[in-house]
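This report looks at one pair of packed helices, one annotated domain and one salt bridge. Please view the structure first.

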2 protein chains.
Amino acid sequence: MEVKENVPNGELSTRVHVLDGPTNPMVTPLLTDLYQFTMAYAYWKAGKHHERAVFDLYFRKNPFGGEYTIFAGLEECIRFIANFKLTAEEISFIRESLPSSCEDGFYDYLRGIDCSDVEVYSVSEGSVVFPKVPLLRIEGPIAVVQLLETPFVNLVNYPSLVATNAARHRFVAGKSKMLLEFGLRRAQGPDGGIGASKYCYIGGFDATSNVAAGRLFGIPLRGTHSHAFVSSFMSPDEIIDKSLHSRDGSSICEDFVSLVQTWLSKIQWSNSLRGVFGETNQSELAAFMSYALAFPNTFLALVDTYDVIRSGIPNFCAVALALSDLGYKAVGIRLDSGDLAYLSCEARKFFLTIEKEFGMSGFGKMSITASNDLNEETLDALNKQGHEVDAFGIGTNLVTCYAQAALGCVFKLVEINNQPRIKLSEDVSKVSIPCKKRCYRLHGKEGYPLVDIITGEKEPSPKVGERILCRHPFNESKRAYVVPQRVEELLKCYWPGNSGKPREDLPPLKEIRERCIKQLEQMRPDHMRRLNPTPYKVSVSGKLYDFIHFLWLNEAPVGELQ
Amino acid sequence: MEVKENVPNGELSTRVHVLDGPTNPMVTPLLTDLYQFTMAYAYWKAGKHHERAVFDLYFRKNPFGGEYTIFAGLEECIRFIANFKLTAEEISFIRESLPSSCEDGFYDYLRGIDCSDVEVYSVSEGSVVFPKVPLLRIEGPIAVVQLLETPFVNLVNYPSLVATNAARHRFVAGKSKMLLEFGLRRAQGPDGGIGASKYCYIGGFDATSNVAAGRLFGIPLRGTHSHAFVSSFMSPDEIIDKSLHSRDGSSICEDFVSLVQTWLSKIQWSNSLRGVFGETNQSELAAFMSYALAFPNTFLALVDTYDVIRSGIPNFCAVALALSDLGYKAVGIRLDSGDLAYLSCEARKFFLTIEKEFGMSGFGKMSITASNDLNEETLDALNKQGHEVDAFGIGTNLVTCYAQAALGCVFKLVEINNQPRIKLSEDVSKVSIPCKKRCYRLHGKEGYPLVDIITGEKEPSPKVGERILCRHPFNESKRAYVVPQRVEELLKCYWPGNSGKPREDLPPLKEIRERCIKQLEQMRPDHMRRLNPTPYKVSVSGKLYDFIHFLWLNEAPVGELQ
């Protein structure tokens, strides 16, 4: 899977440059809108298909009411174009789908196209990004680049959205908590699930329940058992093989069931816990014992099938204590319903009581996982209430991006045949920034990024220590001088086409994840806070500003008040 | 693709019974949560893996604030289990993912499993369905059925959600409008897009822009051109080949560009339109002419790149009139921004004026497509304002189910070894209905469905003309006698396993779509309205009611007030 070979540090040149196709084999050149093919035909018919066009892919507004976005999906875009080629069968389907009047020469043309003369410049995957700044700049023959629009936007939109969502969940949960992505069953389709697992990992999650994603991407996997497992048992009498070797193999416990029952009774009648619970649920107890016999080293129990305090936790503790007798250390519990703040605190108290009562050092630190319909708001509320949860399993709200289910990435023509193009709109936020451009992030003294600036492609780049004017692209009164302490060029060449430029390597997933986490840490805190975050500034150079407004006036019709 | 052969009516027995795998090749037995494998191991270790379990797949609440849901995703579930088999490579990945203490025998067991002894009973795909009634009942060895949980829920959740969303959009738009699904670029991943196209078609959409979906499922395709196409042109001078044959091939127009320009000038200075517009945008005019030269039979122009009224529509009309001179009939326009109600009415007026002024019969009926961020609410608002739109292109809000991005399907154990199981919860709406069950829809005199009733599997089925008591499953005071005029059994055998029962055929997509449209039409209107719809009643038999509550009391711990 990995695009990069494991090579000694620095020896970039020896890396493998053959790219696999997209993760999902359904990502083919037909995964596009029909109008890309009708336009390609019209370009071809007009003899315009070879004209060199530049398109920017960007979004206009950060999602989830925040002021930042994580860029993701680049590797899949590059794999897609690296393998872009229409098969004979695909071409004959296109022929069926277009009017019969379309000329044969077009299909010969389609047979020949690939992305060898397309260039793709992109922000690095896992970067923190902002509205209006191109995430990708795609240059090439207009008919070919047009065909890439839909798949590129599709391959960037959801990955960036869900990675951002994951980053926001991480922000609220805090660094010390374990975050588990549990969303596969509620995701929007099978690769909605697989994509969610991959891009939530980039955004700062620690593991997933999704086995396919674990296999495809090497993401750590987590999972224990469900309510069905618990209710599939009737009573401890069902357990036939009751024996369990001690952890070091030195002894064998012939009747683990009795050992657990002895512990349960000890807990029940202990000084500190007497009266806390009566008879616990026996099907639950049987399930826990069975699970422990299967996984004595990694015993983690879902304790809310019947009653957390009066059944689940005592049953869990009895099994954990029996395991402890044999040298095993139980992992902890999962809560999947009810008042998670309250229940986690009660569970912690129970564990601490056991630690004290039975001198079980460390028992109080038993891990508590919570997992019921969690989202940013509920995590925030839990923090405010106070809780004892160590790990959060988050599904539906995370993977479907329930709070905002789409990111509005667009793909706009900004230049053709070296002529700049602008897309006007009555809504200023929808006016595109014309020209082939370069983008920089300017960092200040404290190391924070200060502002992103977009310039014309041929303008000199901003220099460290030199004052530069940064202008709001559409508001003439908003401008500021900046003296950058570090200048970072954002768009790098990930697909050089025929330009002869070196190609940036696609880093492995872990590196992307590390970049994301690091960049998030470097942001000024007021951009990151959940309530009323400060917008990060995106600007254009003075020269580009003037040019945008010259074009705008040129293109816009003069109205007539009536 | 189609599972069914084209065979003469009634000859069911000759139909092909070999099923292809899932549409997305990423849907493999590993597309599941890790805990399904850890549970499978624990069942195996306890010798319980062969125990016969019955699970119900259902949802608890209709989406989008409505009172109905469309069931979709069945075909993919059946294709999945028809091909369910773990490969050696998959098994070795599972081995790596589980603790090393897991015994080898388990992997031998995994090597042998398939779904030949699983039975699946299901509501027909495309049916109107309601909360609590099982959509699927899955029976089989508990370890195997457990592995199916995650993929089944994934394969049903989003398809049912998006089909419902499509049906709701159709309901607001009305039967006479053309509905086009344009969501691929904003969908949650590549097969979020492909799934959206398929399931929106089931829910009543007419066509998609998604070429891959058109090819996979035979869904009609639509698409013309984008703003980029318009702004890629500079002026009519660019057009080199200006000739166009007349439609019947009898003559050739050597300079279509001049013909259009002549028409533009005629419109501009006509009695009725003088002063409405001045100079139109020339790059737009060039784009329209080029598009018409490429597609003279299917000319449809996006008219809002510069100014709809003062440029787009006059330019379109000039090209349409020139085409008309050559015997071609233009299709119409698309509006993608601004006040769609107002602009569509203005466009209609313009077309009618052209019809009258130039005696162009039918020109006033030119098709108007609208496509800017539409959803149920905006369609409703357009209806209230009055509009002249003939076709709606709907993307983001439709395919991402922006208004509610997930359906909460669950998969609950209801019986094991012929013993009923109930999942309790402090939230009554989350208590599961135990036992292997049958489900019926009872229709009344007017043909409307009256109520769904769930009974124990061995209870006699409701009979036409015979009074039956229908009880709310959890509210003892809610009950009603019903005398059904038609009794429809909802769960049919789509995968017989070893039961020897005949297998229901998987119908082609068009039949599923027709069932959906027909069932929606048969519903009582008050269940369907957008504002405060009446809930459709879902009930249980008296016998099942008593049994649920007997189990409930048995399982629930008695509380102690302190």
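**Two packed helices**

In this predicted model, helix α9 (residues 256–268) of chain A packs against helix α10 (residues 282–294) of chain A at an angle of about 125 degrees, and their axes are 11 Å apart. The pair therefore counts as oblique, the class left over when angles under 35 degrees are roughly parallel, over 145 roughly antiparallel and 65 to 115 roughly perpendicular. Axes are lines fitted to C-alpha atoms, for helices over the stretch in contact, and angles run from 0 to 180 degrees between N-to-C directions. Helices (H or I, at least four residues) and strands (E, at least two) are DSSP runs, numbered from the N terminus.

The table lists the residues that make the contact (heavy atoms within 4.5 Å).

| Helix | Residues in the contact |
|---|---|
| α9(A) | A:Phe256, A:Val257, A:Val260, A:Gln261, A:Leu264 |
| α10(A) | A:Gln282, A:Leu285, A:Met289, A:Ala292, A:Leu293 |

**Domain and salt bridge**

UniProt, in an unreviewed entry, lists residues 331–430 of chain A as "domain: Nicotinate/nicotinamide phosphoribosyltransferase"; such annotations may be inferred rather than shown by experiment. Residues 331–430 of chain A are 33% helix and 21% strand, with the end C-alpha atoms 52 Å apart.

A:Lys437 and A:Asp56 form a salt bridge (2.4 Å, N to O), defined as a side-chain nitrogen of Lys or Arg within 4 Å of a carboxyl oxygen of Asp or Glu. A:Lys437 lies in strand β16 and A:Asp56 in strand β1 of chain A, 381 residues apart.

**Conventions**

Residues are numbered from 1 along each chain as its sequence is written, chains are lettered from A and ligands numbered from 1 in the order in which they are written. Local features need pLDDT of at least 70, side-chain atom pairs count only at pLDDT 80 or more, totals for chains, interfaces and linings use all residues, and side-chain values use heavy atoms, with hydrogens and water left out.
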